[in-house]
There are 2 protein chains.
Amino acid sequence: MDNRYFYDRRTHRAFSDREVTDKMLEDLLEAAAHAPTTGNMQLYSVIVTREAEARKALAATHFSQPASVNAPVLLTFCADFNRFTAWCRQSAAAPGYDNLQGFTTAMLDAVIFAQQFNTVAEMNGLGCCYLGTTTYNAPDIARLLELPQLVVPVVTLAVGYPAGEVEDCGRLPVKCLIHRERYHEATPEEIVVIYAEKEARDDSRRFVEENGKENLAQVFTDVRYTRQMMESFSAVWRGFIESQGFKL
Amino acid sequence: MDNRYFYDRRTHRAFSDREVTDKMLEDLLEAAAHAPTTGNMQLYSVIVTREAEARKALAATHFSQPASVNAPVLLTFCADFNRFTAWCRQSAAAPGYDNLQGFTTAMLDAVIFAQQFNTVAEMNGLGCCYLGTTTYNAPDIARLLELPQLVVPVVTLAVGYPAGEVEDCGRLPVKCLIHRERYHEATPEEIVVIYAEKEARDDSRRFVEENGKENLAQVFTDVRYTRQMMESFSAVWRGFIESQGFKL
């Protein structure tokens with residue numbers, strides 16, 4: 001087995017005009033739906049957004065970040081206990097999935113499905129970009145996509161044929177991610193080593209300078225993912241999940 | 001691109017004696033770590049359990065289901081904001097990730113990483129089985145693996161070389177998973193059609209008979225995933241996530 005794809009894959013945020021057909025999307029989603037799923041329940045759905053006005057409105061819920069605006073197709077992957085619950089109800093079976101475990105199970109299913117789609121799509125020449133903003137503005141996304149009870153959007157993929165090449169953005173040394181038998185909490189000295197290469201990158205140094213910060217960690221905590229933002233979006237996300245019928 | 005792998009992949013619960021080396025595991029995990037990750041933060045860790053006694057103890061937290069007992073390697077994938085938070089703290093940066101968005105982000109990262117590992121491992125001849133029980137008995141798992149604050153196990157993969165072939169367990173018709181532009185809530189008639197093939201399978205009929213139920217949905221609601229069980233494990237899971245430092 002040649003594993004080059006796995007090392008060479010990149011996230012794409014710019015796309016060419018080449019059409020992604022409905023047939024291709026359906027074939028790739030069908031392939032992805034053979035990914036593992038809890039108890040073979042397939043607790044997920046995907047909403048395909050293609051129409052220009054709808055894409056624009058959906059992109060706005062993702063702060064109109066470049067990938068969301070540029071992509072010809074947006075796929076919103078949802079944790080979905082709606083369909084399964086409907087099946088139970090009309091089978092005189094009493095469903096009990098409107099709780100944290102139900103939500104967690106469906107979320108795991110949806111993300112596994114989304115990642116399998118990401119892989120099979122990239123292997124077939126498409127470029128993808130996860131929009132991590134899905135959980136921030138879930139209420140607006142749900143309104144646009146008319147999501148019913150027990151359906152919660154968890155990740156969105158911007159999809160299209162890539163325009164051009166993308167640079168490698170690097171990864172942490174793999175050894176720091178792997179713990180043998182027991183978790184090893186990194187010492188301060190080890191933390192320095194783990195993040196050294198990341199901090200030394202040209203793009204990292206540029207981020208630090210452009211944002212007037214002392215170091216890269218401060219770019220994350222003070223600019224990209226601040227406590228105020230994380231806490232404010234936590235309140236929205238919690239309220240939304242419960243309003244969709246999952247008690248946390 | 002030949003997409004046969006994606007359709008032909010199967011979950012394996014029985015494994016041969018052939019050794020999975022540390023080198024192979026590390027290579028596959030390194031390949032998987034190039035999967036997408038939020039803001040390139042890599043908010044995950046994996047704990048490798050190989051020692052016989054440790055495997056037995058860990059399998060017990062998964063109700064000693066066959067895959068957990070049979071596999072030579074168990075990989076526990078964790079949402080991990082511990083490493084990133086340590087880096088922030090020693091960089092004079094104030095981390096704000098001890099909340100629901102922090103937990104959700106790290107969980108998404110961990111599952112994407114786990115699924116990418118599942119794919120690259122299967123493509124290299126290994127067999128895998130997700131243990132969906134990870135979120136049920138997370139407190140016991142965390143104790144065995146000595147997981148510190150801001151580290152939460154989300155999925156476990158049992159891994160080894162497969163022993164023998166596995167039958168296709170079928171999937172729902174792909175069209176019911178795909179919604180064009182807006183979510184379409186299935187009508188009662190559509191629900192019947194969506195689940196017809198699943199209910200008609202020999203193994204489904206056997207489950208119904210063996211459990212003395214009227215239909216397959218009741219096997220799920222009354223035997224496999226009951227309300228009582230989902231609610232009781234929801235309380236454990238909620239308490240555990242908060243005890244690890246993520247306020248829900």
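Which residue of β2(A) is the bridge partner of Val48(A)? In this predicted model, the partner of Val48(A) in β2(A) is Leu75(A), and the two strands concerned, β1 (residues 44-49) and β2 (residues 73-80) of chain A, pair in the antiparallel sense over 6 bridges. Val48(A) also stands opposite Arg180(B) in β5(B), where β1(A) and β5(B) run parallel and are joined by 3 bridges. These pairings belong to an open sheet of 5 strands with mixed pairing, in the order β3(A)-β4(A)-β2(A)-β1(A)-β5(B). The edges are occupied by β3 (127-131) of chain A and β5 (178-180) of chain B, each of which has a single partner strand, so that one side of each is left without a neighbour in the sheet. From one strand to the next, the twist averages 25 degrees.

The contact between the chains takes 100 residues from chain A and 100 residues from chain B. On the side of chain A that touches chain B, helix α6 (residues 100-123) of chain A gives the most, with 14 residues, and the residues of that side comprise 52 nonpolar, 31 polar and 17 charged.

Helix α8 (residues 188-200) of chain A has 13 residues, which at 1.5 Å a residue should span 18 Å, and the distance of 18 Å between its end C-alpha atoms agrees with this expectation. A kink of about 35 degrees is nevertheless present in α8(A), centred on Ile194(A). Ile191(A), Tyr195(A) and Lys198(A) are buried in this helix, and the buried residues of α8(A) pack against α9 (202-210) and α10 (216-224) of chain A, together with α5 (82-89) of chain B. Residues three or four places apart in an α-helix point the same way, because there are 3.6 residues a turn.

Methods. Residues numbered from 1 in each chain as written. Chains lettered and ligands numbered in written order. Predicted model: local features only at pLDDT ≥ 70, side-chain atom pairs only at ≥ 80, totals over all residues. Helix = DSSP H or I, 4+ residues; strand = E, 2+ residues; numbered from the N terminus. Expected span 1.5 Å × (residues − 1). Bend = angle between axes of the 7 residues up to and from the residue. Buried ≥ 20, exposed ≤ 12 C-beta atoms within 10 Å, placed from the backbone. Contact = placed C-beta atoms within 7 Å. Pairing = 2+ DSSP bridges. Axes fitted to C-alpha atoms, helices over the stretch in contact; angles between N-to-C directions. Nonpolar A, V, L, I, M, F, W, Y, C, P; charged D, E, K, R; others polar.
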